[in-house]
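Fancy a bit of practice at reading a beta sheet? Take a look at the sequence and structure below, then work through the exercises.

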Amino acid sequence: ADITRGQGENESVIQMVDYEVAHHGVDTSHVYVMGFSAGAAFTTVMLATWPDRFAGGAIMEGLAYRCAVDVNGAYQCQSPGVTKTAAQWGDLVRAAHTGYTGPWPRVQIWEGTSDTTVVPANQAELVKQWTNVWGIDATADETETIGQATRTGYKSGSTVAVETYSIQGMSHAVSVGADPAGACAGTAGQYFEDHKICASLRAAMFFGLTGTLGGNGSGS
């Protein structure tokens, strides 16, 4: 039930969003969701079940939507991973909100190359899922190296619909550190590793919340 639109935890989260919108005059075209690990897996749930309510999301070490429907399946998805075709993954998202045809949320996906908890193969499956949802291929339109990170962009027209960051040597963590794009508020600690790129800043850039565009026009 938690991963079915309008039920369980996703209904609880959307009620929180609705409360904020109603009580703080939030622009409904600029609502975003992000999470790490289990929170990243649930970020995909929110994007799939409520694509009409989110403009974008950042998935940090997460899983494709409906990779699993029980706890044991979730561990299998985390490691060694589950492989499906792009169409199979995309169909799972499309079935989450029957009849919805878009616009779809833009998606940013982070992964560490040394993550043994949520293995890097999950990033590739997420790319297949969300590029298919957007109706674009999984061939990169943009690639750049930023220190220990490789950023890749997949475009729909002139918009970067899906963006990935692969962090060399990072385990199951969120990346912090001195980012060429600007200061990072986070410091290294448990589940936070300094890899000279700031995931929270890059997510804000991707969402268009920093006043600058991220990744050659990927901002709002």
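Here are three exercises on a predicted model, each followed by a worked solution.

**Exercise 1.** Work out the order of the strands in the open sheet, and find which strands are at the edges.

*Solution.* Start by walking across the sheet: the six strands come in the order S1-S2-S3-S6-S5-S4, and their pairing is mixed. Next, look for strands that pair on one side only: these edge strands are S1 (32–36) and S4 (142–146). Finally, check how the neighbours are set: on average they are turned by 10° against each other, direction ignored.

**Exercise 2.** Settle on parallel or antiparallel for S6 with S3, then do it again for S6 with S5.

*Solution.* Take S3 (residues 106–112) to begin with. This strand and S6 (residues 159–167) run parallel, joined over six bridges. Two pairs let you trace the match: Val 107 has Val 162 of S6 as its bridge partner, while Gln 108 stands opposite Glu 163 in S6.

Now go to S5 (residues 149–156), which pairs with S6 in the antiparallel sense over eight bridges. Here you can spot Arg 151 opposite Tyr 165 in S6. S5 and S6 also form a hairpin with two residues between the strands, where Gly 157 takes a positive phi near 65°.

**Exercise 3.** Explain why S6 counts as largely enclosed by the rest of the structure.

*Solution.* First, the cut-off: a residue is buried if its relative accessible area is under 20%. Then count along the strand: seven of the nine residues of S6 are buried, so S6 is largely enclosed by the rest of the structure.

Methods
Residues are numbered from 1 along each chain as its sequence is written. This is a predicted model: local features need pLDDT of at least 70, side-chain atom pairs count only at pLDDT 80 or more; totals for chains, interfaces and linings use all residues. Side-chain values use heavy atoms; hydrogens and water are left out. Two strands pair if DSSP finds at least two bridges between them. Helices (H or I, at least four residues) and strands (E, at least two) are DSSP runs, numbered from the N terminus. Axes are lines fitted to C-alpha atoms, for helices over the stretch in contact, and angles run from 0 to 180 degrees between N-to-C directions. Buried means under 20% relative accessible area, exposed over 50%, partly exposed in between (1.4 Å probe, protein chains only).
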